[in-house]
Amino acid sequence: MSAILVYALHYDGAFNKNSLGAVSEASRLAAELGSEAHAVVVGDASDELAASLGNYGATRVFRARSAPEGLAQPVVDVMAKVMDDGGHRYALFGGGLLGFEIGAGLTARLHAGVTMEVTEVKVQDGKLVAVRPILQDSAIVDSGYVNEPGIIIGRLNAFEISEAADGASAEVETLDVQLSEWSTKARMVQRGEQRGEQVNIEDAKVLVAGGRGLGKAEGFQLAEDLAGALGGAVAATRAVVDAGWYSYSAQIGQTGKTVAPKLYLAAGISGAIQHKVGMQASENIVAINKDPNAPIFEFSDLGIVGDLNKIMPKLTAAVKARKGA
Ligand SMILES: Cc1cc2nc3c(=O)[nH]c(=O)nc-3n(C[C@H](O)[C@H](O)[C@H](O)COP(=O)(O)OP(=O)(O)OC[C@H]3O[C@@H](n4cnc5c(N)ncnc54)[C@H](O)[C@@H]3O)c2cc1C
């Protein structure tokens, strides 16, 4: 039946948003191909957790406890075996550093074709075609696969999460996969996560992003206050990260993270193309900029022209007052 296989990353008893997007996308594509979406989970995923991928359209979940979560090569071993045994036509990854590493390893292992930084996948003549921006996002290309299997690695959070209407649970199959000798050379010592004040930036529903318009490193206090009031996290442009005002883990854009929160509030950000590609999928974009001709206003849902030093404290106070009321 040649299904689509997805790697679903989990930690702290939940799948990450990016993996759920990949499972949803695989399920949508499989329906068009008349096929099925399957998933691989590794580590200590419980039955309930693994089966819950059915809510996002997966019909089967292969669980390999011998492979630890967080390292690429053991997952490559597991996915290569599942694809060899099951004749899967495609493997789909949501992206992220681990997804990129596993996808690249799987491609080499299976002598497959790979497309990275994919922002959309289409079905054409019974095959998958990956759509990806090239040349610093100045052009978009369609990439088909000459041979199968084909490996598709999405941009982080490029695929939308959608819960299956029937919400069925997936059939969970536990596999005993013999890991290669080289796959067990590295071991996970500690898992660290760079978080904003309260929320992981890639999963945050609200992001308050600061740019050079904040003036200096201390200016980020304005962004942190507003993000705190809104229950969100703080993001940044490369210009301020390069200037040492904020940490790289918060950088959004071509050489940073790709995010798609419900609200992206850009303060003192000009809206350069390299920044735009990392946040353009946000549901609502609000920009504060003193320059009415700033490019960010071209792709904002709401634009506020003015000095952020005056606007942001008032906005923070208003949000607090409303929440307190
Ligand atoms: C290969 C490459 C990769 C890159 N990757 C990234 C990336 O991943 N992410 C990224 O962000 N950039 C990236 N860049 C850099 C990008 O081109 C821009 O230089 C950068 O995004 C600009 O950051 P900024 O908006 O903070 O600063 P600026 O462009 O300097 O904009 C500052 C804005 O603040 C406004 N402002 C100033 N004072 C105030 C005030 N008091 N109140 C309100 N508004 C005010 C100004 O009007 C201006 O619009 C990359 C560049 C290259 C060449």
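## Close-up views of a predicted model

The shell around the ligand is made up of 16 polar, five charged and five nonpolar residues. Please keep in mind throughout that the structure shown here is a predicted model.

**View 1. The residues around the ligand.** Here we meet the ligand's surroundings, a set of 26 residues. Those that come nearest to the ligand are R212, T237, T255, S270 and N289. Three helices each supply at least two residues of this shell: α6 (238-242), α7 (273-279) and α8 (308-324).

**View 2. Polar side chains beside the ligand.** This view picks out Q274, H275 and D307. In Q274, a polar side-chain atom sits 2.8 Å from an oxygen atom of the ligand. H275 also places a polar side-chain atom by a ligand oxygen atom, at 2.9 Å. With D307, the ligand takes part through a nitrogen atom, which is 2.9 Å from an N or O atom of the D307 side chain. How much of the ligand does the protein bury? On its own the ligand would expose 990 Å², and the protein buries 77% of that.

**View 3. Helices α3 and α4.** Two packed helices can be described by the angle between their axes and the distance between those axes. For α3 (residues 72-86) and α4 (residues 96-110), the angle is about 50° and the axes are 9 Å apart. Angles from 35 up to 65 degrees count as oblique, so α3 is oblique to α4. Their crossing is right-handed.

**View 4. Helices α5 and α8.** Now look at α5 (residues 220-230), which packs against α8 at an angle of about 20°. The axes of α5 and α8 lie 9 Å apart. Because an angle under 35 degrees counts as roughly parallel, α5 is roughly parallel to α8. Is the crossing of α5 and α8 left-handed or right-handed? α5 passes α8 in a left-handed crossing. You have already met α8 in the first view, as one of the helices that supply residues to the shell around the ligand.

**View 5. A cis peptide bond before P149.** The peptide bond that runs from E148 to P149 is cis, and its omega is near 5°. To find P149, follow the chain into the loop between strands β10 (139-143) and β11 (150-154).

**View 6. The backbone at D12.** Although D12 is not a glycine, it has a positive phi of about 50°. Where is D12 found? Look in the loop between β2 (10-11) and β3 (14-15).

Conventions. Residues are numbered from 1 along each chain as its sequence is written. This is a predicted model: local features need pLDDT of at least 70, side-chain atom pairs count only at pLDDT 80 or more; totals for chains, interfaces and linings use all residues. Side-chain values use heavy atoms; hydrogens and water are left out. A residue is near a molecule or strand if one of its heavy atoms lies within 4 Å of it. A polar contact is a pair of N or O atoms within 3.5 Å; within protein, one must be able to donate a hydrogen and the other to accept it, and residues adjacent in sequence count only if both atoms are side-chain atoms. Accessible areas come from the Shrake-Rupley method with a 1.4 Å probe; for residues, only the protein chains shown count as cover. Helices (H or I, at least four residues) and strands (E, at least two) are DSSP runs, numbered from the N terminus. Ala, Val, Leu, Ile, Met, Phe, Trp, Tyr, Cys and Pro count as nonpolar, Asp, Glu, Lys and Arg as charged, and the others, Gly among them, as polar. Axes are lines fitted to C-alpha atoms, for helices over the stretch in contact, and angles run from 0 to 180 degrees between N-to-C directions. Angles under 35 degrees count as roughly parallel, over 145 as roughly antiparallel, 65 to 115 as roughly perpendicular and the rest as oblique. A crossing is left-handed if the near helix is turned anticlockwise from the far one by less than a right angle, and right-handed if clockwise.
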